[in-house]
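Colleague: Please take one part of this structure and walk me through it closely. I work at the bench, so please explain the terms as you go.

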Amino acid sequence: MSLVRIGLLSVMGLVVAMAMGVAGGARFPVATAVADAVGEKVLLDNERMTMIEFVFPPRFKGEEHAAVADEFAYVLEGEFAVVTRGKGKRVLRPGDVEYAAKYTVHSSLNETARPARVLVVLLKDR
């Protein structure tokens, strides 16, 4: 499958033993769930981009990873944080957008007691 996935973000990017698929079929571990599994729904996957809706459970802590593509994360509901190596943590709320360039090292967090719903767009190389 040529689907580019994140566990967001990382981007991005998400449960125990879950892996992130990359174009060409390579797989990389992205996270260890500390609560329930991350919900994931692919909304669009074509030659230019992949759009995925993620629902990160309360207390989710993703592992640090490099973005597999230029990625945008848009928070639909709840609160979500991205920790970018060299830049620190940015907390995002509904309507906020985070961008990570391809290869940016980062991790994703939901430090709240409520789920966070995040729309992630990954731009594929042409």
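Modeller: Happy to! Let's start with Y74, which counts as partly exposed because its relative accessibility is 35%; buried means under 20% relative accessible area, exposed over 50%, and partly exposed in between (1.4 Å probe, protein chains only). Please keep in mind that this is a predicted model: local features need pLDDT of at least 70, side-chain atom pairs count only at pLDDT 80 or more, and totals for chains, interfaces and linings use all residues. Residues are numbered from 1 along each chain as its sequence is written, and side-chain values use heavy atoms, with hydrogens and water left out.

Y74 sits in strand β7. Strands (E, at least two residues) and helices (H or I, at least four) are DSSP runs, numbered from the N terminus. The protein has 12 strands and zero helices. Buried residues account for 44% of its 126 residues. About 6,400 Å² of the protein is exposed, with carbon and sulfur atoms supplying 54% of that area; accessible areas come from the Shrake-Rupley method with a 1.4 Å probe, and for residues only the protein chains shown count as cover.

Y74 joins F72, V97, Y99 and L123 in a nonpolar surface patch of about 410 Å². The elements that give two or more residues to this patch are β7 (70-77) and β10 (97-100). Patches are made of residues with over 30% relative accessible area and no salt bridge; like charges are joined within 9 Å, and nonpolar side chains (Val, Leu, Ile, Met, Phe, Trp, Tyr) within 5 Å. A salt bridge, in turn, is a side-chain nitrogen of Lys or Arg within 4 Å of a carboxyl oxygen of Asp or Glu.

Now to the sheet around β7. It is an open sheet of five strands in the order β3-β4-β12-β7-β10, with antiparallel pairing. Its edge strands are β3 and β10, each pairing on one side only. Neighbouring strands of this sheet are turned by 20° against each other on average, direction ignored; axes are lines fitted to C-alpha atoms, for helices over the stretch in contact, and angles run from 0 to 180 degrees between N-to-C directions. Two strands count as paired if DSSP finds at least two bridges between them. As background, strands of a sheet pair through backbone hydrogen bonds, either parallel or antiparallel.

Let's walk along that order, beginning at the edge strand β3. Strand β3 (residues 39-45) pairs with β4 in the antiparallel sense over six bridges, and a hairpin of three residues joins the two strands. Across this pairing, K41 stands opposite E53 in β4, while L44 stands opposite M51 in β4. Strand β4 (residues 49-56) has six of its eight residues buried, so it is largely enclosed by the rest of the structure.

Next in line, β4 is joined by eight bridges to strand β12 (residues 116-123), and the two run antiparallel. M49 stands opposite L123 in β12. That leads back to the patch, as L123 is one of its residues along with Y74.

Strand β7 also spans E71, and the side chain of E71 makes a polar contact with the side chain of H106 (3.1 Å). A polar contact is a pair of N or O atoms within 3.5 Å; within protein, one must be able to donate a hydrogen and the other to accept it, and residues adjacent in sequence count only if both atoms are side-chain atoms. The H106 side chain also reaches the backbone oxygen of T104 at 2.9 Å. H106 belongs to strand β11 (residues 105-110) and is buried, with a relative accessible area of 0%.

Finally, the loop between β10 and β11 holds Y103. Y103 is exposed, with a relative accessible area of 59%. Its phi is near 80°, a positive value in a residue other than glycine. For comparison, most residues other than glycine have a negative phi.
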